[in-house]
Amino acid sequence: MKFILTLAPLFLSSLAASKSFLFAANQQTLVDGDFSVPGENPLNFCNDPDSYSLTIDNVDLEPNPPKKGKELLIKARGNFTEKVEQDAYINLSVKYGLITLIHTKADLCEQMKQVDEECPLNGAKVFTKSVTLPKEIPPGAYSVLADVYTKTGRQITCLEAKVHF
């Protein structure tokens with residue numbers, strides 16, 4: 001869970017979105033490997049990233065894949081091509097196998113504070129976040145979907161990840 005919550009802001013800003021991660025009828029479905037996020041990470045874009053207002057240059061996780069009970073270092077670099085204002089949000093879904101653990105809507109600007117950023121977000125950004133993953137993470141497959149929107153509903157990015165512990 002702590003791993004997921006730390007990735008949310010990092011996802012976003014090149015993001016790797018820091019870990020606080022709804023499915024609605026208009027949201028994207030998970031894609032297996034068609035749109036890999038550049039860098040050493042398990043991330044994929046949900047769709048062609050050319051349509052997103054966040055260009056992610058790279059996201060690196062150390063170690064990749066993440067290890068339970070170990071420190072995870074997340075480094076991300078990207079560019080917001082449009083200004084992101086207050087009330088932007090993340091629709092987040094986290095599953096353990098077929099079981100939904102989290103299905104929520106989170107405030108993007110609040111999540112960005114975890115990587116020392118504040119809204120409005122605009123232009124090039126570099127983020128680094130370190131988090132210690134709990135040793136008690138149950139073994140198995142986890143999937144995360146973070147679908148990010150402006151307050152007017154314009155898609156900023158959509159990312160998915162699959163991690164096995």
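This section describes the fold, core, strand pairing and polar contacts of a predicted model.

The protein has 165 residues, of which 48% count as buried. Its secondary structure comes to 2 helices and 9 strands. Read from the N terminus, the elements follow the order α-β-β-β-β-β-β-α-β-β-β. The exposed surface is about 7,600 Å². Carbon and sulfur atoms supply 49% of that area.

The largest nonpolar core holds 38 residues. Within this core, Val 59, Leu 108 and Ile 156 touch the most other members. At least two core residues come from each of β2 (43-45), β3 (54-62), β4 (71-84), β5 (89-96), α2 (108-112), β7 (121-132), β8 (141-149) and β9 (155-164). Nonpolar side chains in soluble globular proteins tend to be buried together.

Strand β9 is mostly covered, with 8 of its 10 residues buried. β9 pairs with β8 in the antiparallel sense, and 9 bridges join the two. β2 also runs antiparallel to β9, through 3 bridges. Ala 161 of β9 is a shared point of reference for these pairings. Leu 43 stands opposite Ala 161, and so does Val 144. β8 and β9 form a hairpin with 5 residues between them. In its turn, Gly 153 has a positive phi of about 95°.

A further hairpin is built from β5 and β6. Strand β6 covers residues 99-107 and pairs with β5 in the antiparallel sense over 8 bridges. Asn 91 stands opposite Lys 105 in β6. There are 2 residues between the strands of this hairpin. Gly 97 takes a positive phi near 60° here.

Charged pairs were examined next. The structure holds 5 salt bridges. Side chains of opposite charge can pair when their charged atoms come close. One of the salt bridges joins Asp 57 and Arg 77, with the closest N and O atoms 3.9 Å apart. Asp 57 lies in strand β3 and Arg 77 in strand β4, so the pair ties together parts that are 20 residues apart in sequence. Both partners have some exposure. Asp 57 is partly exposed, with a relative accessible area of 34%. Arg 77 is partly exposed too, at 41%.

Glu 82 forms a salt bridge with Arg 154, and the closest N and O atoms are 2.9 Å apart. Glu 82 belongs to strand β4 and Arg 154 to the loop between β8 and β9, so this pair ties together parts that are 72 residues apart in sequence. Glu 82 is partly exposed, with a relative accessible area of 33%. Arg 154 is partly exposed as well, at 34%.

Lys 125 and Glu 117 also meet in a salt bridge, at 3.2 Å from N to O. Both of these residues are buried.

Lys 68 sits in the loop between β3 and β4. Its relative accessible area is 33%, so Lys 68 counts as partly exposed. Beyond its neighbours within four places in sequence, Lys 68 is in contact with Leu 133, Pro 134, Lys 135, Ile 137, Pro 139 and Phe 165. The side chain of Lys 68 reaches the backbone oxygen of Ile 137 at 3.2 Å. Lys 68 and Pro 138 are 70 residues apart along the chain, and their C-alpha atoms are separated by 9.0 Å.

A polar residue also lies buried in strand β2. Asn 44 is placed in this strand. Its relative accessible area is 9%, under the 20% cut-off, so Asn 44 counts as buried. The side chains of Asn 44 and Ser 36 are joined by a polar contact of 3.3 Å. Strand β2 thus supplies at least two residues of the nonpolar core, pairs with β9 through 3 bridges and carries Asn 44.

Key
Residues are numbered from 1 along each chain as its sequence is written. This is a predicted model: local features need pLDDT of at least 70, side-chain atom pairs count only at pLDDT 80 or more; totals for chains, interfaces and linings use all residues. Side-chain values use heavy atoms; hydrogens and water are left out. A nonpolar core is a set of buried Ala, Val, Leu, Ile, Met, Phe, Trp, Tyr and Cys residues joined through side-chain atoms within 4.5 Å. Buried means under 20% relative accessible area, exposed over 50%, partly exposed in between (1.4 Å probe, protein chains only). Helices (H or I, at least four residues) and strands (E, at least two) are DSSP runs, numbered from the N terminus. Two strands pair if DSSP finds at least two bridges between them. Accessible areas come from the Shrake-Rupley method with a 1.4 Å probe; for residues, only the protein chains shown count as cover. Contact means heavy atoms within 4.5 Å. A polar contact is a pair of N or O atoms within 3.5 Å; within protein, one must be able to donate a hydrogen and the other to accept it, and residues adjacent in sequence count only if both atoms are side-chain atoms. A salt bridge is a side-chain nitrogen of Lys or Arg within 4 Å of a carboxyl oxygen of Asp or Glu.
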